[in-house]
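Biologist: Please take a close look at the interior of this protein, and explain in connected steps, for someone in the first year of study, how it is packed and held together.

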Amino acid sequence: MDEMRGREPVSAIDSHAQHAEDKGVPASAKPSGHQRFVLTDPAAFRYLEEDPSTTVLERRRRLVGYELYFVEQWACSRVHPTFVITTFTGLEQHSVIVSVLSVPTDEEAWSPRLRIYFKAITKYHARKKETPLGTLMVTNLSGFPSALTVILVPDGDLKQHREDFFVNENLKRMGCAGRAGLSLSHPVQATEAKFNRLYRTSDRIPLYSAVIELVKLCQAALVLFGKLAPEYADGLLCDVTEQAINDWWSDIGAEVYRVEPSDGILGPTTVSALIGMLIGARNRLNAYGAPVVKDVFDLANTKRGIAYFQKSQKLEKTRRLDRPTLQQLQRATNKAAKSSEGWNVPRAVKSTVAELSGKGGDLAADEAREKAGFADIETLDIGTFIQLASGERAKWLWHGKPRKSDTDVFKQLGGDDLVLENDDQGGYTWSRKQRDSRVDDHYRQGQ
């Protein structure tokens, strides 16, 4: 019960000194004037613990008398310094999981990282409150804007419910959920059934894995088309991803397919069109002789293949399937694809192919892929797309075929190195500006 009330263990001081030494600063040299800050946001904790002026005192501790909430709009906007708020209740049945940092008492000694973060936090309806573990930023729900949607985190453990939020938010934006308010519980059966009916993922793949993987594949495609920054490809269908989808349709999709989707921001039409065009581009690169592997979502190899084609065509080496690259790739391979319509609408596959079912249909699907032209995957029809989809990740998601490894190739797109900065409108934004040159060098050398 003592630990539940947030009392510090004897080892915390030793931990303070040990972490100081881990950062290359002798414990004796650390300033004596420090204060303890308590954080309920794991992402904020990871961000601030990298600062050389901070010391980790606790990584995971339960604090009684508080509740934790997701703020839906903050989580999806990607511009707020945090996506949670903490409230004080004083009730023993309420508790939250926290981390504790030691930071200089003298704010003049704070780094820009610390200064900007805490200034941003105080701007968004939070105030300081002393707890047995240190200072915690808390919010009064009665004064919180009613236009913002808050979702209670059960047991106050954010890490345990991150995927719950991702999946429920994605299903809502994909038009699968009903009108009930967003929660962090498993989606109801009707929502799961609608997702399965619309997107036809394999019944061998659990719902959570299928929903997050589908969004990740679309995000990775948007990254390769140059419409989405890599740090946002984490499986959440956020505002930034939605804008990237709109940009892709405006710049590329509408001209290629000569239609606009009518089934939502990431409905079956967009999934088929987006990933289908990406796999089609991989097929075209292969037909051209570029060094690509079978799975287009082997991102490093795909970008090398794009760079090979761009170099051979004297195009800017962006390693992205930007509009000039796609147009040139289509022109260079249309003859092989038996098409004569320029930047073409791919010819349809026989209707019987789209009607093949998953049960016992693996051989039929393999035969359909063998008979189809390499550009036939560029389609608006989800049934045709599924039958012609190739590559390890697509076959896993839609055909339930095992993957050779569970390695997440999307980790190379991660955004843990983001930096919170002032934007040009008096607010804040997450940016990779301080690492851009190193990231670009990494892509140029290895991808």
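Modeller: Of the contacts in the protein (heavy atoms within 4.5 Å) whose partners have a separation of 6 or more, 66% are between residues 24 or more positions apart. This is a predicted model, in which local features need pLDDT of at least 70 and side-chain atom pairs count only at pLDDT 80 or more, while totals for chains, interfaces and linings use all residues. Residues are numbered from 1 along each chain as its sequence is written, and side-chain values use heavy atoms, with hydrogens and water left out.

The protein has 16 helices and 10 strands, taken as DSSP runs of H or I with at least four residues for a helix and of E with at least two for a strand, and numbered from the N terminus. Of its 447 residues, 53% count as buried, a word used here for under 20% relative accessible area, with exposed meaning over 50% and partly exposed in between (1.4 Å probe, protein chains only).

In soluble globular proteins, nonpolar side chains tend to be buried together. The largest nonpolar core, meaning a set of buried Ala, Val, Leu, Ile, Met, Phe, Trp, Tyr and Cys residues joined through side-chain atoms within 4.5 Å, has 88 residues here, and those that touch the most other members are Phe165, Phe195, Leu214, Phe225, Trp248 and Trp398. Helix α7 gives the largest share of this core, 14 residues. To see how one member is surrounded, take Leu214, which touches Met174, Phe195, Tyr199, Thr201, Leu266, Val271, Leu397 and Trp398, residues up to four places away in sequence not being counted. Another core member, Trp248, is touched by Gly253, as is Arg258, again leaving out residues up to four places away in sequence. Gly253 itself is found in helix α8 and counts as buried, at 0% relative accessibility. Its C-alpha atom is separated by 8.8 Å from that of Met277, although the two residues are 24 apart along the chain.

A second, separate core of 16 residues includes Val56, Leu114, Tyr117 and Met137, and Tyr117 and Met137 appear again when we turn to empty space. Searching the whole structure finds 1 cavity of 30 Å³ or more, where a cavity is a set of points, on a 1 Å grid over the protein atoms alone, at which a 1.4 Å probe fits but cannot get out. This cavity has a volume of about 200 Å³, the volume being the space filled by probe spheres set on the points, which are joined across faces, edges and corners. Its lining is made of 17 residues (each with an atom within 4 Å of a point), and Thr82, Val84, Tyr117, Ile121 and Met137 lie nearest its centre. Two or more lining residues come from each of β1 (34–39), β4 (84–88), α4 (112–123) and β7 (134–138). By class, 12 of the lining residues are nonpolar, 4 polar and 1 charged, with Ala, Val, Leu, Ile, Met, Phe, Trp, Tyr, Cys and Pro counted as nonpolar, Asp, Glu, Lys and Arg as charged, and the others, Gly among them, as polar.

Side chains of opposite charge can pair when their charged atoms come close. The structure holds 15 salt bridges, each being a side-chain nitrogen of Lys or Arg within 4 Å of a carboxyl oxygen of Asp or Glu. One of them joins Glu58 and Arg61, with N to O at 2.9 Å, and both of these residues are buried. In another, the closest N and O atoms of Glu72 and Lys172 are 2.8 Å apart; because Glu72 lies in helix α3 (residues 72–77) and Lys172 in helix α5 (residues 158–173), this pair ties together parts that are 100 residues apart in sequence. Glu72 is buried, with a relative accessible area of 6%, whereas Lys172, at 42%, is partly exposed. Arg78 and Asp234 also meet in a salt bridge, 2.8 Å from N to O. This pair links distant parts of the chain, 156 residues apart, with Arg78 in the loop between α3 and β4 and Asp234 in the loop between α7 (207–224) and α8 (239–257). Arg78 counts as buried at 14% relative accessibility. Finally, Glu169, Arg173, Asp239 and Glu242 are linked in a network of salt bridges.

Technical notes
On a 1 Å grid over the protein atoms alone, a cavity is a set of points where a 1.4 Å probe fits but cannot get out, and a pocket is an open set with protein on both sides within 12 Å along at least five of seven lines; lining residues have an atom within 4 Å of a point.
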